[in-house]
Amino acid sequence: MVELAINPNSRIPALTDVDKNGKEIQIFESGAILEYLVAQYDKDHKVSYPYNSPEYWETVSWLTWQMAGVGPMQGQANHFASKESTSLLRFAGEQVPYALNCYVHETRRLYRVLAITWPRAPRATSSATASPSPTLPFGPGSALTYSGLLSIDEFPHVKKWLYTLLVCPGFEEGCNAPGPHRYLNMNDMSEEELNSIAASLGTWIIDAMKRDAEA
Ligand SMILES: N[C@@H](CCC(=O)N[C@@H](CS)C(=O)NCC(=O)O)C(=O)O
């Protein structure tokens with residue numbers, strides 16, 4: 001849980017910074033944080049595009065797609081998912097086939113949108129700037145099998161992009177704070193290993209849900 005003073009929505013990520021007037025500023029929601037970081041610290045557009053350019057709006061489109069689509073849908077898939085071929089559960093504590101189908105299939109559909117768009121996008125080739133989706137989540141979102149999908153190999157462009165990010169200067173170092181990143185590697189783990197990761201997270205998600213329901 002994040003300090004309400006930093007994020008009124010009490011979630012991570014949240015950011016505090018000092019603005020150009022020397023005043024502390026708080027930013028929450030990952031999309032807003034990304035927009036803030038490029039506005040403040042990427043003024044020569046190494047990883048972003050000039051405001052109001054066609055590429056800027058393309059980026060905003062994909063960022064909004066990520067925030068409104070992939071984030072919420074894959075988040076719910078993580079909650080209900082078990083690998084489709086097994087009956088092991090992550091968090092839900094009971095099999096809810098309708099929810100599982102709804103969220104896992106919607107997550108797959110969203111990644112298919114990328115799979116269709118990516119090869120056609122002229123900027124979708126190599127650098128961190130040159131992508132139709134520079135905002136594709138590297139963190140939990142890159143553990144596709146954790147979300148109930150069968151394999152990351154279903155989406156070769158996504159896989160290639162995630163590994164491309166890793167070799168961008170400073171990227172992996174950032175991912176390794178506070179501890180070694182593991183989300184991409186989770187795609188190669190067995191279902192038992194994935195479930196032990198879910199189990200190691202404890203019951204805080206379910207406990208928080210109960211508290212919220214009673215509040
Ligand atoms: N829409 C938010 C999602 C934030 C979110 O759900 N964060 C999760 C971790 S990925 C969290 O803080 N969970 C802690 C909790 O539920 O108490 C964003 O993109 O920043």
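What covers the buried residues of H2? In this predicted model, the cover includes helix H3, which spans residues 97-117.

Helix H2 itself runs over residues 54-80, a stretch of 27 residues. From its first C-alpha to its last, H2 reaches 38 Å, close to the 39 Å expected at 1.5 Å a residue. The helix also carries a kink of about 40°, centred on Gln66. Gln66 is itself one of the buried residues of H2, a set that further includes Thr59, Trp62, Val70, Met73, Gln74, Ala77, Asn78 and Phe80. A helical repeat is worth keeping in mind here: an α-helix has 3.6 residues a turn, so residues three or four places apart point the same way.

Two packed helices are described by the angle between their axes and the distance between the axes. For H2 and H3, the angle is about 140° and the axes lie 8 Å apart. The pair is therefore oblique, and the crossing is left-handed. On the H2 side, the contact is made by Gly69, Val70, Met73, Gln74, Gln76, Ala77 and Phe80. The partners on H3 are Ala99, Leu100, Tyr103, Val104, Glu106, Thr107 and Leu110. Val70, Met73, Gln74, Ala77 and Phe80 of H2 thus appear both among the buried residues and in the contact with H3.

Turning to the segment before strand S1 (14-18), one finds Glu3 there. Is this residue buried or exposed? Glu3 is exposed, because 11 other C-beta atoms lie within 10 Å and the cut-off for exposure is 12 or fewer. Along the chain, Glu3 and Ala14 are eleven residues apart, and their C-alpha atoms are separated by 9.3 Å.

Terms used: Residues numbered from 1 in each chain as written. Predicted model: local features only at pLDDT ≥ 70, side-chain atom pairs only at ≥ 80, totals over all residues. Helix = DSSP H or I, 4+ residues; strand = E, 2+ residues; numbered from the N terminus. Expected span 1.5 Å × (residues − 1). Bend = angle between axes of the 7 residues up to and from the residue. Buried ≥ 20, exposed ≤ 12 C-beta atoms within 10 Å, placed from the backbone. Contact = placed C-beta atoms within 7 Å. Axes fitted to C-alpha atoms, helices over the stretch in contact; angles between N-to-C directions. Parallel < 35°, antiparallel > 145°, perpendicular 65-115°, else oblique. Left-handed = near helix turned anticlockwise from the far one by under 90°.
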